[in-house]
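Here's a quick tour of the ligand sites, the main pocket and one ring pair in this structure. Have the viewer open as you read.

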Amino acid sequence: MSVLSIADLHVDYRRRGRPTVQAVAGVSLSVEKGQILGLVGESGCGKSTLARAAVGLVAPSAGTVEFDGSPTTRLSRGTRPAHLLGLQMVFQNPYASLNPRRRVGAQIADGVGARSRTKVRADDPRVAAVLELVGLPTSAAGRYPHEFSGGQRQRLAIARVLAAEPSAVVLDEPLSSLDASAQAQIASLLVELKDKLSLAILLISHDLSVVRQVADVLAVMYLGRVVEVGPTEQIWSDPRHPYTQALIGAVPQPDGLGTLPTALPGEVPDPARPPSGCRFHPRCPEAIARCSVEQPDLTVLVPSGRKLGTSIDTPIGTARSAACWLRIDTEAR
Amino acid sequence: MNILSRRVLPRSKPLTVIAVTVIAIWLLVALLAPVLAPGDPLSQDGTPFTAPSGAHWFGTDELGRDVLSRVIYGARLSLPLALLLVVLSALIGGTLGALAGFLRGPVDGVLMRICDLLFAFPGIVLAMVVAATLGPGITNAVLALVLISWPWYARIVRGLVVSLGEAEYVTARRLLGASTWRALLDDVLPNIVGPILVLATLDLGGAVLLLSGLSFLGLGAQAPVAEWGSMVSHGTEYFQHWWLGLFPGLAIFTVVLAFNFVGDALRDVFDPHTGRAHG
Ligand SMILES: Nc1ncnc2c1ncn2[C@@H]1O[C@H](COP(=O)(O)OP(=O)(O)OP(=O)(O)O)[C@@H](O)[C@H]1O
Ligand code: SF4
Ligand SMILES: [Mg+2]
């Protein structure tokens with residue numbers, strides 16, 4: 001059973017006097033125990049919004065997020081309910097996610113005491129244990145965040161979250177503020193932790209080449225919607241959606257430091273005024289007449305080209321799926 | 001004040017050192033006034049309008065009182081009252097501002113509208129009206145000035161609580177199950193102390209000035225008490241006897257300037273760009 005499952009999630013930002021921004025417009029995803037789901041997409045496509053909605057920091061306008069089989073609630077003024085404490089988040093900027101004026105040990109102790117809702121001392125052996133788990137010396141506990149590098153701080157942020165013994169962790173671009181070697185280290189740390197602790201990890205990034213190396217499953221997002229999902233290696237070697245194809249085509253080979261496509265014509269459209277039909281159609285090199293009229297749903301595909309029938313509407317997890325009329329017509333089952 | 005010794009002193013500018021020294025001297029003067037003052041600030045046994053001389057360094061006033069003694073005793077009044085004014089304003093404004101920023105909603109709305117209202121009046125005019133209504137006297141002057149001063153603290157503390165409350169480390173803490181109160185106490189308030197200390201230090205100079213101002217207008221300290229503002233006020237009536245107004249005026253000037261310099265230095269220490277937040 002999936003630990004974290006997101007079904008038909010919509011998040012709108014309503015602002016007075018301006019059109020509503022549909023930051024997330026119908027996303028279904030699920031993450032299993034011991035799995036890393038990598039979510040990639042260009043800046044502004046709604047990745048952070050999805051992450052924040054997943055842990056309850058923004059309210060969905062429609063759809064559900066379930067954690068361990070029960071629906072999540074938005075974090076309000078009150079204290080977060082105990083059954084959600086196993087769902088945690090790591091933020092993009094490790095300089096902002098640790099309090100500069102509190103010692104590292106005390107901040108990790110917050111995590112240790114989270115489940116029992118007790119105040120744990122910074123010299124608790126469990127603090128030291130979790131520091132070791134993320135590869136930091138136990139002496140780190142006595143120091144302040146500014147005494148650490150970006151990569152070390154990200155380890156600290158991860159340690160704090162792990163201290164709460166989560167079963168699912170959402171990481172919003174945890175690598176993007178780090179240098180290349182720190183990125184590689186944190187990435188392999190995530191793989192190690194996933195195996196060791198059977199974590200369900202939702203890893204968000206705009207860097208396909210990094211995610212490719214750690215994610216078991218890849219989801220590609222474009223303008224608020226997931227356009228393709230599937231086992232990472234399958235997508236990498238055989239992308240089915242034109243946007244994914246452009247993304248992978250834009251990653252310098254072999255495995256260089258990839259960035260997002262500049263090869264695609266046009267700009268990312270304003271999410272407040274998404275294009276009709278398939279949201280990718282103004283930039284799609286393969287668009288057909290239907291694309292500007294009807295929106296394709298994410299649909300399970302069969303291996304290469306055999307047409308089995310019409311689309312199905314089961315929630316999408318690891319099955320190979322894409323949201324493109326070209327594929328739905330020929331490959332859906 | 002470990003942070004002060006580590007961060008201010010090594011790279012402090014000479015101006016800061018001078019300012020701190022000036023404040024220290026004034027504090028000593030206030031503390032040791034009975035020892036330092038050559039005479040009684042109220043006794044009228046000198047010859048009126050004696051120019052500064054060996055016997056009376058700062059001369060005597062229209063009643064023959066020793067101006068130096070009065071300036072020295074004036075420090076006993078101005079400095080503690082300015083401190084009281086600032087502490088009361090910071091406590092009241094800070095508490096209300098923190099509540100507004102924390103609770104948001106209607107409480108916030110009402111409080112901030114009250115602040116806007118108070119900002120809309122010229123402060124000193126409002127203080128004059130209140131002080132006059134309550135009746136002249138130094139206590140009422142302090143109360144009137146607290147009334148016009150607290151909104152500054154309220155607005156700044158509210159802004160800090162709101163912005164720091166949205167800091168990712170607060171969100172991370174809340175996701176770990178901390179209550180909003182806990183996050184406010186542990187993560188937000190300690191980060192507010194610095195900026196408020198800066199504001200309060202800068203404000204101390206202003207408080208001395210405001211208190212003197214009300215006394216100057218006859219609404220603060222009443223005769224025969226030695227108070228710098230009212231001394232300046234009397235001095236202006238006898239312009240040819242310049243020493244009556246000059247020396248208490250200089251006292252106000254040095255105190256205000258010194259507090260401003262120290263406040264600026266503190267601001268550098270707590271400035272998020274130079275502070276250790278990104279160290
Ligand atoms: N609080 C907000 N109010 C209004 N619009 C917002 C808000 N937050 C985000 N948006 C808009 O929603 C869209 C999605 O933003 P989001 O931050 O989720 O994207 P992202 O994929 O995380 O981008 P990035 O890679 O830059 O972090 C963007 O168009 C953004 O401008
Ligand atoms: S549905 Fe049409 S426009 Fe959208 S990706 Fe497929 S071919 Fe391109
Ligand atoms: Mg983002």
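## Ligand sites, a pocket and a ring pair

An oxygen atom of ligand 1 sits 2.7 Å from a backbone N or O atom of Gly44(A). Keep in mind that this is a predicted model. Two other residues of chain A make a backbone approach to an oxygen atom of this ligand, Cys45(A) at 3.3 Å and Gly46(A) at 3.0 Å. Here are the three side by side:

| Residue, polar backbone atom | Distance to an oxygen atom of ligand 1 |
|---|---|
| Gly44(A) | 2.7 Å |
| Cys45(A) | 3.3 Å |
| Gly46(A) | 3.0 Å |

How much of ligand 1 does the protein bury? On its own the ligand exposes 630 Å², and the protein buries 65% of that.

Zooming out a little, ligand 1 has 14 residues around it, and the closest are Ser43(A), Gly44(A), Lys47(A), Ser48(A) and Thr49(A). Which element gives the most to this shell? That would be H1(A), with 3 residues. Helix H1 (47-55), strand E1 (2-15) and strand E2 (18-32) of chain A each bring at least two residues to the shell. By class, the shell around ligand 1 splits into 5 nonpolar, 5 polar and 4 charged residues.

Now for ligand 2. It has 13 residues around it, with Cys278(A), Cys284(A), Cys291(A), Cys324(A) and Trp325(A) coming nearest. The make-up of this shell is 10 nonpolar, 2 polar and 1 charged residues.

Next, the largest pocket, which holds about 730 Å³ of space. Its lining counts 22 residues, and those closest to the pocket centre are Arg77(A), Gly165(B), Glu166(B), Arg174(B) and Thr180(B). From chain B, helix H4 (67-103), helix H7 (138-165), helix H8 (168-175) and helix H9 (180-188) each supply at least two lining residues. Sorted by class, the lining has 10 nonpolar, 5 polar and 7 charged residues.

Last stop, the aromatics. Searching the whole structure turns up 10 aromatic pairs over all chains. Take Tyr222(A) and Phe280(A): their ring centres are 4.9 Å apart and their planes meet at 80 degrees, so the pair counts as edge-to-face. These two come from distant parts of the chain, 58 residues apart. Tyr222(A) belongs to strand E9 (residues 217-222) of chain A, while Phe280(A) is in the loop between helix H8 (242-250) and strand E11 (299-300) of chain A.

Note on methods:
Residues numbered from 1 in each chain as written. Chains lettered and ligands numbered in written order. Predicted model: local features only at pLDDT ≥ 70, side-chain atom pairs only at ≥ 80, totals over all residues. Heavy atoms only, no water. Near = heavy atom within 4 Å. Polar contact = N/O pair within 3.5 Å; in protein donor to acceptor, adjacent residues only side chain to side chain. Areas by Shrake-Rupley, 256 points an atom, 1.4 Å probe, with all protein chains shown as cover. Helix = DSSP H or I, 4+ residues; strand = E, 2+ residues; numbered from the N terminus. Nonpolar A, V, L, I, M, F, W, Y, C, P; charged D, E, K, R; others polar. 1 Å grid on protein atoms, 1.4 Å probe; cavity = no way out; pocket = protein on both sides within 12 Å on 5 of 7 lines; lining within 4 Å. Points joined across faces, edges and corners; volume = space filled by probe spheres on them. Phe/Tyr/Trp six-rings, centres within 6.5 Å; stacked < 30°, edge-to-face > 60°.
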